Structures are given as C-alpha cells and as structure tokens.
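User: I should like to learn how structural terms are justified. Please take me through the reasoning step by step.

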Amino acid sequence: MFPFELLNSEASAANLLEQVRWRDGLYCPRCRSESVIKHGSYREYQRYLCKDCDRTFNPKTGTIFAHAKIGLDKLLFAFYTLLRFNTSIRQLDAELDVSYRSLRRRVEQFARTLDAPAIDLVGPVEIDEVYVTAGLKGRERDQESRSRGLSKRGRGSYAEDKPPVFTLVDRGSDQRYVIPAKSADESTVRLLLGDREEESLTVYTDGFRAYDPLEDDENFQREAVIHGNGEYVDGDAHVNTCESHASLARRWLSPHRGVSKDKLTAYLRAFQLRRRILRKPGQEALKEVVRTVLWLTNNVLPMSEKRSCEADCW
C-alpha cells in the first residue's frame, strides 16, 4: 500500500528521515561525536549543535537531500514511485509540478549513489547475457540523430552502443546480480565468476562460445544447454531463471525510451534495489530506500579506494 501518511507533507518526511537516520542514537555527521544538543530549527527540521566541533547540523546534512530545491516529501515520492512503479522522470515532473532539470539531477544522483552489488558466489550458478540498446542519449552530438539505427538484432558491444548485461543467479544463496559489461568475452566471464566460496564452482550456461573455456578449467564444472539444438533444460542444467530476470531488467529500462550507456550502470543498480523492496509493504519499502541512501552516505569511500566487479567489467 502506498505510504501516503509518510509523504503527505515535508514535516512528515522530515520526521521519517530523522527516525531512520538516528535510529541507533544521535551523533554529529561531521565528527561522529555524540555530544550534541538541540539548537533551534531549520524550516521543518530540528537543528542540532555539536559541542565538540561547534557546528550545527540537521537530518539532511551530508546526504543527497541536502541543499535540494525540491521538498523532501517530493523527493522521497519520486524515489519511491521510480522504484516501485518504474515511473519515468518526465511523468514524475508532471505529477509533482517541479523543475524537470532539478528533478532529473536528483534522481540521477540518487541512482549513482546506490552501491555496486558485492558478488560472493556459493553455487551452483547460472550465467547468461542479454544485449540492451544504450547509446548517446542526453549527449551533445556533432552529427544528426541516428533515428532507429540501434535497432539491429543480435549481439553487440559497448562501442557499438549495444553493451552486454550479464545476469548471474546463485542458486545456493538465492541472490541475483545484473552486471553491465563492455564486452562479452572470456575475461569478463572469469571476472564475474571469480568471487566464490567453493574452489570448484558448478556453472550452468547456454552454448555461447565465451563460456567454452570453462570446460577445460578445473576451477569450474560447466554444464551447458545448447539452444541451437533445441535444448533448454537438461536435469538441473538450464538458464531459465537468468532469462526471466533479464526480461524484467529489459522491462525496467523500456519506459525510459532509451538509456545513455554512461548511465546504464546507475539504472541497473536502481533495478537491483527495486527487487529488494518488491515484496515489502509500502512503509517498510520506503524506509528501506531511505536506509539504503543513508547507509551509503555514511560508508562512502574515496573513488581511488572503490573497487567492484561491476567497475572492472565496465
């Protein structure tokens, strides 16, 4: 059910943000000191003063909500409906009656804030790839638009504006990962399957040639179904779960009428979060979205220290 009571005013949204952010106790977001006192208010937000660093703060300080021209209730409404109903930014702009440019900037900032999934495979694992159209949308072009030039069928690459997106389904942990890559080759496959608990990992694939080297590698036990021979299931060997999840990812991208390949990673990270909140009721789903944003705010690393399998593939 839609959490109207949490988003009916900025004061309600501010109360939600404060509850989620300070659920483990109040502290200064700058120096982490717990020696803080109330110090007036800022609009609908309680202001605090840190006795150690002698600076004031409020629940939005240091988050992506800070200094936003759009009200917190409208921002949370936009994030929630984007994830829950896959609403386009243009439609959100019409519903909220705010600046399209400001809203798009905040939504894209929210998507970029989402962390890359940490792959830790238990096994057995299904792996499959799908190719999505992701070109130069949003860039300033020095040539005329290519109209429907990207609609050709078949496999592609990042350079051809049709990058592969790998889907991994870990049957042991019931985790699913959607990872974009620049090319679908052996090195990318080995990188995706590199973080595993077992020395020998059982891998289910289709007949794509990039998976063939796994046959001769003692670290993997590959079982394949060859779609070209009419094989789709052979005992436990199939990639049906991957194909089902990939179809959901395609549907996630379709309302946005083309995605820039520069922003494909951010859109797919939002899709991963959508899958996490899918079965949760409205209030709990909204709180999970806020918790995710705040957790990433509190645990962000310098760009030089960040590393993920997704970053290596992309």
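User: Which residues of α3 meet which residues of α8?

Analyst: In this predicted model, Leu83, Arg84 and Phe85 of α3 are in contact with Ala270, Leu273, Arg274 and Ile277 of α8. Sorted by class, this contact comprises 5 nonpolar, no polar and 2 charged residues.

User: Why are α3 and α8 called roughly perpendicular?

Analyst: Helix α3 (residues 72–85) and helix α8 (residues 264–277) pack at an angle of about 80°, and their axes are 8 Å apart. Angles of 65 to 115 degrees count as roughly perpendicular. The angle of about 80° falls in that range, and α3 and α8 are therefore described as roughly perpendicular to each other.

User: What makes the contact between Arg190 and Glu186 a salt bridge?

Analyst: The term requires a side-chain nitrogen of Lys or Arg within 4 Å of a carboxyl oxygen of Asp or Glu. For Arg190 and Glu186, the closest N and O atoms are 2.8 Å apart, so the pair meets the criterion. The two residues lie 4 residues apart in helix α6 (residues 186–192), which means that about one helical turn separates them.

User: Why is Glu288 called buried, whereas Lys280 is called partly exposed?

Analyst: Buried means under 20% relative accessible area, exposed means over 50%, and partly exposed lies in between. Glu288 has a relative accessible area of 13%, so Glu288 is buried. Lys280 has 27%, so Lys280 is partly exposed. The side chains of Glu288 and Lys280 meet in a salt bridge, at 3.5 Å from N to O. Salt bridges with shared partners join Arg276, Lys280, Glu284, Glu288 and Arg291 into one network.

User: How do you know that β1 and β2 are paired strands?

Analyst: Pairing requires at least two bridges between the strands. Strand β1 (residues 36–42) and strand β2 (residues 45–50) are joined by 5 bridges, so they satisfy this condition, and they run antiparallel. One of the bridges links Tyr42 to Tyr45 in β2. The two strands form a hairpin with 2 residues between them, and Arg43 in the turn has a positive phi of about 55°.

User: What makes β2 and β3 a pair as well?

Analyst: The number of bridges between β2 and strand β3 (residues 56–57) is 2, and the requirement is at least two, so these antiparallel strands also count as paired. Leu49 has Thr56 in β3 as its bridge partner. In this hairpin, 5 residues lie between the strands, and Asp54 has a positive phi near 60°.

Technical notes
Residues numbered from 1 in each chain as written. Predicted model: local features only at pLDDT ≥ 70, side-chain atom pairs only at ≥ 80, totals over all residues. Heavy atoms only, no water. Buried < 20%, exposed > 50% of the residue type's maximum accessible area, 1.4 Å probe, protein only. Axes fitted to C-alpha atoms, helices over the stretch in contact; angles between N-to-C directions. Parallel < 35°, antiparallel > 145°, perpendicular 65-115°, else oblique. Contact = heavy atoms within 4.5 Å. Nonpolar A, V, L, I, M, F, W, Y, C, P; charged D, E, K, R; others polar.
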